[in-house]
Amino acid sequence: MAVGEIDIAARPRAIMEILADLPGTVEWSAASSVDVLERHPDGRPAVASWSESYGPIRDRFVLSYEWEGGSEDRWHLREGRVLKKEAGRYRLADAGGGVTSAELELEFGITDAVIDTLEHTLADIRTNETL
């Protein structure tokens with residue numbers, strides 16, 4: 001599991017609004033598209049389909065979301081081709097003076113086929129560099 005924390009000069013509510021704008025994440029993440037498929041009664045996303053690319057690895061996957069007021073956003077993988085596991089959480093805490101402490105926890109796993117491909121690619125690179 002990866003964990004990161006950062007202080008942001010904004011109030012928690014403003015940050016949560018940005019996090020809840022899933023289609024807008026294409027402007028600041030690896031996502032090439034995000035489509036909200038279902039919404040909670042309060043209008044926040046409940047299920048979204050993502051397309052992302054990391055170099056030669058491309059995936060389309062579906063995440064489910066739970067929101068805890070204005071302080072927490074949790075998600076988990078419902079289906080994916082490359083991803084076989086993703087679970088994450090943003091937790092926001094007012095640090096005072098208009099600053100918010102934002103913590104991200106992220107756990108993910110990829111299919112064995114991707115691992116095999118990466119191992120073969122690395123082996124080819126090492127072989128070519130050595131020769």
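## A loop serine, an aromatic cluster and a pocket

S29 is placed in the loop between α1 (12–20) and β2 (31–39), where helices (H or I, at least four residues) and strands (E, at least two) are DSSP runs numbered from the N terminus. This is a predicted model, in which local features need pLDDT of at least 70 and side-chain atom pairs count only at pLDDT 80 or more, while totals for chains, interfaces and linings use all residues. Residues are numbered from 1 along each chain as its sequence is written, and side-chain values use heavy atoms, with hydrogens and water left out.

S29 is partly exposed, with a relative accessible area of 31%; on this scale buried means under 20%, exposed over 50%, and partly exposed in between, for a 1.4 Å probe and protein chains only. Across 23 residues of sequence, the C-alpha atoms of S29 and E52 are 8.9 Å apart.

The polar contacts of three side chains are set out below; a polar contact is a pair of N or O atoms within 3.5 Å, of which, within protein, one must be able to donate a hydrogen and the other to accept it, and residues adjacent in sequence count only if both atoms are side-chain atoms.

| Side chain | Partner | Distance |
|---|---|---|
| S29 | backbone oxygen of T25 | 2.7 Å |
| S29 | backbone nitrogen of A31 | 3.2 Å |
| S64 | side chain of R78 | 3.4 Å |
| W67 | backbone oxygen of P45 | 2.7 Å |

S64 belongs to strand β4 and is buried, with a relative accessible area of 11%. Beyond its neighbours within four places in sequence, S64 is in contact (heavy atoms within 4.5 Å) with A46, V47, R74, W75, H76 and R78.

W67 is also found in strand β4. With neighbours within four places in sequence left aside, the contacts of W67 are M16, L19, A20, H40, R44, P45, E72 and D73. The C-alpha atoms of W67 and D42, which are 25 residues apart along the chain, are separated by 9.9 Å.

Aromatic rings of Phe, Tyr and Trp (its six-membered ring) pair if their centres lie within 6.5 Å, and planes under 30 degrees apart count as stacked, over 60 as edge-to-face and the rest as tilted. By this rule the count comes to four aromatic pairs. One of them joins Y65 and W67, which are stacked, at 6.0 Å centre to centre and with 15° between the planes. Both partners are buried, Y65 with a relative accessible area of 3% and W67 with 11%. The ring centres of W75 and Y90 are 5.5 Å apart and their planes stand at 45°, so this pair is tilted. Because W75 lies in strand β5 and Y90 in strand β6, the pair ties together parts that are 15 residues apart in sequence. W75 and Y90 are likewise buried, and Y65, W67, W75 and Y90 form one aromatic cluster.

The largest pocket has a volume of about 630 Å³. Of the 25 residues that line this pocket, E52, Y54, F61, E86 and L106 are the closest to its centre. At least two lining residues are supplied by each of β3 (45–54), β4 (57–68), β5 (72–80), β6 (83–96) and β7 (99–110), and the largest share, five residues, comes from β4. The lining divides into 19 nonpolar, two polar and four charged residues. Here Ala, Val, Leu, Ile, Met, Phe, Trp, Tyr, Cys and Pro count as nonpolar, Asp, Glu, Lys and Arg as charged, and the others, Gly among them, as polar. A pocket is an open set of points on a 1 Å grid over the protein atoms alone where a 1.4 Å probe fits, with protein on both sides within 12 Å along at least five of seven lines, and lining residues have an atom within 4 Å of a point. Grid points are joined across faces, edges and corners, and a volume is the space filled by probe spheres set on the points.
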